[in-house]
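Hi there,

Here is the structure I promised to pass on to you. Please open it alongside this email, and then read on for what turned up in it.

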Amino acid sequence: MGEKKGFFSRLASGLAKTRNNVISSIESIFTGSSNIDDDFYEELEETLIMADLGINATTAIIENLKNKVKENKIKEPSECRELLMASMREQMSLPEDAYEFENHKSVVLLIGVNGVGKTTSVGKLAGQLKDDGKKVMVAAADTFRAAAIEQLTEWANRAHVDIIAQKEGSDPAAVIFDAVTAAKSRNVDILICDTAGRLHNKKNLMEELRKIDRVIEREYPGAFRETLVVLDGTTGQNALAQAKQFNEVADITGIVLTKLDGTAKGGIAIAIQSELKIPVKYIGVGEQIDDLQKFNPDDFVKALFAVDNN
């Protein structure tokens, strides 16, 4: 429980920039408006869009809020706070089976452009699953960056998990082939693969992911598949654009949103789910191994509005 509480307070301080930027404006709309009218909703809408919630999520949240206000016969703007929080939460619900891969022999691919914290996320995830008693292996298939291979090796050593790697410039699909073969023979529960992140050349990336996919399908057909795209929260709408592009080339099952502690654009967590209908499954708010955690929509909204997490 202590760890969860610790993460919540880090999340709350991580979202401080977003809170100061946005939520303070929302609070002043609540206190500054004398009644709930078109102007009130319009101001609220503008503020949410500024927070990088995007048009889609904002429209849905405002509609939802209007319905709740009607249903509950709310007259005072100040009474809308709880309803707004509930509307935001509803935009981010996670499916029941969001982390189903943990219960199977599975292959988890992490994809994302360079610099978003992808290799680090592989390491953190591996460490956490290992701590949960899983037998974990990592594969260094981001072979175009020597630094990625070194970095992942360091994480693997720190987390005491096996790593399969080849030298810089090797064929990523060949690394995955080795890793899948090793994972099967060593009876590994979860194989986590770091893959190359070059979105500017979508055709190459697509080819590469297809090759990797074929290898896994052929060599490990029974494996449960999870494909997570790692996005840098500080890039706001740009992260959303990246997610859309990756979604065209791979079957994305979830999002890892990193660096939320460095941004005033925390609303992007809501925008991504609303636009893409792909759940955010993990969020990162720092450098430590436990600074990457499963996403909890309720905690996220509470942290955003600085409500105590009891």
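One definition before the rest: helices (H or I, at least four residues) and strands (E, at least two) are DSSP runs, numbered from the N terminus. With that numbering, Ala 306 lies in the segment after helix 12 (297–304). Please also keep in mind that this is a predicted model.

**The sheet**

The element to look at first is an open sheet of 8 strands, in the order 3-2-4-1-5-6-7-8 and with mixed pairing. Its edges are strand 3 (162–164) and strand 8 (292–294), each of which pairs on one side only. On average, neighbouring strands are turned by 25° against each other, direction ignored.

Strand 7 (residues 280–284) shows where the mix comes from. Strand 6 and strand 7 pair in the parallel sense over 3 bridges, whereas strand 7 and strand 8 pair in the antiparallel sense, also over 3 bridges. As a general reminder, strands of a sheet pair through backbone hydrogen bonds, in either of these two senses. Tyr 282 is a handy residue to click on here: Tyr 282 in strand 7 is the bridge partner of Val 256, and Tyr 282 also stands opposite Lys 294 in strand 8. Is strand 7 enclosed by the rest of the structure or not? Buried means under 20% relative accessible area, and 5 of the 5 residues of strand 7 are buried, so strand 7 is largely enclosed.

**Helices on the sheet**

Helix 6 (residues 118–131) lies across strand 1 (106–111), strand 2 (136–141), strand 4 (190–195), strand 5 (224–232), strand 6 (254–258), strand 7 and strand 8. Its direction is at about 170° to strand 4. Helix 7 (residues 146–159) packs on the sheet too, touching strand 2, strand 3 and strand 4. The direction of helix 7 makes about 170° with that of strand 2.

**Two helix pairs**

Two packed helices are described by the angle between their axes and the distance between the axes, and I have kept to that here.

For helix 6 and helix 7, the packing angle is about 15° and the axes are 9 Å apart. Angles under 35 degrees count as roughly parallel, and helix 6 and helix 7 are therefore roughly parallel to each other. Their crossing is right-handed. On the helix 6 side, the contact involves Thr 119, Thr 120, Val 122, Gly 123, Lys 124, Gly 127 and Lys 130; on the helix 7 side, it involves Ala 148, Gln 151, Leu 152, Trp 155 and Ala 159. These contact residues divide into 5 nonpolar, 5 polar and 2 charged.

For helix 2 (residues 16–32) and helix 3 (residues 38–50), the angle is about 175° and the axes are 10 Å apart. Over 145 degrees counts as roughly antiparallel, and that is therefore how helix 2 and helix 3 run relative to each other. Val 22, Ser 25, Ile 26, Ile 29 and Phe 30 of helix 2 make the contact with Phe 40, Glu 43, Leu 44, Thr 47 and Leu 48 of helix 3. By class, this contact has 7 nonpolar, 2 polar and 1 charged residues.

**A buried valine**

Val 136 is found in strand 2 and counts as buried, at 5% relative accessibility. Val 136 touches Ala 126, Leu 129, Lys 130, Val 161, Asp 162, Val 188, Ile 190 and Ile 192, not counting residues up to four places away in sequence. One of these, Val 188, is 52 residues from Val 136 in sequence, yet the two are 5.8 Å apart in space, C-alpha to C-alpha.

**Helix 11 and two positive phi values**

Helix 11 (residues 268–276) is mostly covered, with 8 of its 9 residues buried. The buried residues are Ile 268, Ala 269, Ile 270, Ala 271, Ile 272, Gln 273, Ser 274 and Leu 276. What follows helix 11? Lys 277 does, and its phi is positive, near 55°. Lys 277 is found in the loop between helix 11 and strand 7 and is exposed, with a relative accessible area of 66%.

Most residues other than glycine have a negative phi, and that is why I flag one further case. Ala 306 has a positive phi near 55°, and at 51% relative accessibility Ala 306 counts as exposed.

Happy browsing, and best wishes!

Conventions
Residues numbered from 1 in each chain as written. Predicted model: local features only at pLDDT ≥ 70, side-chain atom pairs only at ≥ 80, totals over all residues. Heavy atoms only, no water. Axes fitted to C-alpha atoms, helices over the stretch in contact; angles between N-to-C directions. Parallel < 35°, antiparallel > 145°, perpendicular 65-115°, else oblique. Left-handed = near helix turned anticlockwise from the far one by under 90°. Contact = heavy atoms within 4.5 Å. Nonpolar A, V, L, I, M, F, W, Y, C, P; charged D, E, K, R; others polar. Pairing = 2+ DSSP bridges. Buried < 20%, exposed > 50% of the residue type's maximum accessible area, 1.4 Å probe, protein only.
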